[in-house]
Amino acid sequence: MKELVIISGKGGTGKTSFTAALATLASRSAKAVFADCDVDAADLHLIFSPDIRSREFFVSGSEAVIDEAKCVSCGKCAALCRFDAVRRDADDVYRVSGCEGCGVCVSYCPAGAISFPLRRCGEWYVSDTRFGTLVHARLDAEAENSGKLVSLVRREARSRAEEMGADWIIVDGAPGIGCPVIASVTGADVVLAVVEPSLSGKHDLERVMALAKHFKSLLLVAVNKADINPGLTREIEGLCLASGVPVLGSVSYDTSVTAAQVVGKSIIEYEERSAVSESLREIWKRISEETWKR
Ligand code: SF4
Ligand code: SF4
């Protein structure tokens, strides 16, 4: 079983369209489990149309909650909190906002007025889709720890994949280059970077190269919307060649990709024989070859 993680330096590069197209192709010839690790702005479900089979809370850490009825207004919690998360409001009531979960106030409250329940940060789901099982999630507004949720989604996808003896785990990775994307690629067999021919795209690719090298993952590159800037596409290909990173192919800009998304389909389902679909078919073939020869 191999885990393929599809990433891009930033959102809007076509990563999700790539994932949906590769999912379509993978599901036709192999057993695969899919994971959407873009937990801050998940959108793979718009194409996968998941039928949710199980739903669970994502909890991470604990947070202090003051019971007004027990509080004797000594002010110890506010004085001890080094995150300035306890305030005495205009009604003389002590309230917590922005708790970092250190637990200090809980231990020192003389009235035992502070409880420390687990903090709900989002939900995660296991769903049936026409491509196979999808593990996906949603982080609550203003919740943090998206890196932990990404790790959970990947772990659960792996567990489902092992249960069914899958050949592939295909992951729509988190965008950017921060903690969530690190959580997306750590330990992955193969990382496919979807790059747009722009200066920021090239810069992001350099950082992704460093990341993949650090985690010893096989890095592959595909250039999306390659024809919008042929000069930069050549520069990106040159950068990859100089760094020993295989460029699997390029995909031209085509409004059909968006049209397919609007009706909830991958581009392969929408226009099986278009030039974009042919390019993606070739890229999927190359991914399989590069992965299994490793
Ligand atoms: S330490 Fe406890 S009793 Fe004192 S103000 Fe805070 S919650 Fe109230
Ligand atoms: S648990 Fe820690 S961070 Fe949260 S309110 Fe109490 S002292 Fe502040």
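In the predicted model, arginine 95 is found in strand 6, which covers residues 94–96. The surroundings of arginine 95 hold 15 other C-beta atoms within 10 Å, and because burial would require 20 or more such atoms and exposure 12 or fewer, this residue is classed as partly exposed. When residues up to four places away in sequence are left out of account, arginine 95 touches Ile66, Arg87 and Asp89. Serine 115, by comparison, stands 20 residues from arginine 95 along the chain, and the C-alpha atoms of the two are separated by 13 Å.

The domain assignment of the chain gives two segments, 2–59 and 122–292, to domain 1, whereas domain 2 consists of residues 64–116. The C-alpha centres of domain 1 and domain 2 are 43 Å apart.

Two ligands were examined in terms of the residues that surround them. Around ligand 1 there are 14 residues, of which Cys71, Cys74, Lys76, Cys77 and Cys109 come nearest; by class, this shell is made up of 11 nonpolar, 2 polar and 1 charged residues. Ligand 2 is surrounded by 15 residues, and the closest of these are Ala64, Cys81, Cys99, Cys102 and Cys105. The shell around ligand 2 comprises 12 nonpolar, 2 polar and 1 charged residues, and the element that gives the most to it is helix 4, formed by residues 104–108, with 3 residues.

The arrangement of strands was considered next. Nine strands, in the order 3-8-9-2-10-1-11-12-13, form an open sheet in which the pairing is mixed. Its edges are formed by strand 3 (51–62) and strand 13 (247–251), each of which pairs on one side only, and from one strand to the next the twist averages 20°. At the edge formed by strand 13, the neighbouring strand 12 (residues 218–224) runs parallel to strand 13 and is joined to it by 4 bridges; within this pairing, asparagine 224 has valine 251 of strand 13 as its bridge partner. Helix 5, which spans residues 146–164, packs on the sheet and touches strand 2 (32–36), strand 3, strand 8 (118–129), strand 9 (132–139) and strand 10 (168–172). The direction of helix 5 makes about 165° with that of strand 9.

Technical notes. Residues are numbered from 1 along each chain as its sequence is written. Chains are lettered from A and ligands numbered from 1 in the order in which they are written. This is a predicted model: local features need pLDDT of at least 70, side-chain atom pairs count only at pLDDT 80 or more; totals for chains, interfaces and linings use all residues. Domain bounds come from an automatic or database domain assignment. A residue is near a molecule or strand if its C-beta atom, placed from the backbone, lies within 6 Å of it. Ala, Val, Leu, Ile, Met, Phe, Trp, Tyr, Cys and Pro count as nonpolar, Asp, Glu, Lys and Arg as charged, and the others, Gly among them, as polar. Helices (H or I, at least four residues) and strands (E, at least two) are DSSP runs, numbered from the N terminus. Two residues are in contact if their C-beta atoms, placed from the backbone, lie within 7 Å. Two strands pair if DSSP finds at least two bridges between them. Axes are lines fitted to C-alpha atoms, for helices over the stretch in contact, and angles run from 0 to 180 degrees between N-to-C directions.
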